[in-house]
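Q: Please take a close look at one part of this structure and explain, for a reader new to it, how that part is put together.

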Amino acid sequence: MDDAGNLLSTRIANRLHEIFDKKVRIDDLKNKPAKDQEDHFLTRSLAALYLVDAASIDAEGAANCITDAGDDDGIDAIYVNEKEKETHFAIKIKNKDKAAT
């Protein structure tokens, strides 16, 4: 990745931390290396950010919709709004740096 791409990635990661630190859970990864924990935090946060935008819910509510796990069938987040009769899915959110390795 070039310098501009690294700068953009860093800014996005920093903003995701500002919004979702202490909201997106990664306690299931406590035995994983710090890099893996960060990668999962970022992908989970991206899924939550999608829900904040698409479903107009707050960051904490979006973080509670995260389903990311090894047996999630590729669905990283689900939000169901029964009042509006709509469902939002975030499917296979990937960290590009991780996917390239």
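A: Confidence in the protein is lowest in helix 4 (residues 96-99), with a mean of 53, and highest in helix 3, with 97; the score is pLDDT, the predictor's confidence in each residue from 0 to 100. Helices (H or I, at least four residues) and strands (E, at least two) are DSSP runs, numbered from the N terminus. Where pLDDT is low, the predicted coordinates should not be read in detail. Over the protein the mean is 87, and 89% of residues reach 70 or more.

The model is predicted, so local features need pLDDT of at least 70 and side-chain atom pairs count only at 80 or more, whereas totals for chains, interfaces and linings use all residues. Residues are numbered from 1 along each chain as its sequence is written, and side-chain values use heavy atoms, with hydrogens and water left out.

The part examined here is helix 2 (34-55) and its surroundings. Helix 2, together with helix 3 (59-63), is among the elements that cover the buried residues of helix 1. Those buried residues are Gly5, Ala13, Leu16, Ile19 and Phe20; buried means under 20% relative accessible area, exposed over 50%, and partly exposed in between (1.4 Å probe, protein chains only). Seen down the axis of helix 1, they fall within an arc of 125 degrees, so they line one face of the helix; the arc is that of the directions from the helix axis to the C-beta atoms. The face of helix 1 turned away from its buried side carries the exposed residues Asp3, Ala4, Arg11 and Glu18.

The largest nonpolar core has 19 residues, and those with the most contacts inside it are Phe20, Leu51, Ile57 and Tyr79. Such a core is a set of buried Ala, Val, Leu, Ile, Met, Phe, Trp, Tyr and Cys residues joined through side-chain atoms within 4.5 Å. Helix 1, helix 2, helix 3 and strand 1 (75-81) each supply at least two of its residues, and helix 2 gives the largest share, six. Leaving aside residues up to four places away in sequence, Leu51 touches Ser56, Ile57, Ala62, Cys65, Ala77, Tyr79 and His88, contact being heavy atoms within 4.5 Å. His88 lies in strand 2 (residues 86-91) and is buried, at a relative accessible area of 12%.

Charged residues also belong to this picture. Arg44 lies in helix 2 and is buried, with a relative accessible area of 4%. Among the residues that Arg44 touches beyond four places in sequence are Val24, Ile26, Asp28 and Ile66. Asp28 and Arg44 form a salt bridge, with N and O 3.0 Å apart. The pair links distant parts of the chain, 16 residues apart: Asp28 is in the loop between helix 1 and helix 2, and Arg44 in helix 2. A salt bridge is a side-chain nitrogen of Lys or Arg within 4 Å of a carboxyl oxygen of Asp or Glu, and by this rule the count comes to four.

Another of these bridges joins Lys35 and Asp39, at 2.9 Å from N to O. Both residues lie in helix 2, four residues apart, about one turn of the helix. Lys35 is exposed, at 52% relative accessibility, whereas Asp39 is buried, with a relative accessible area of 6%.
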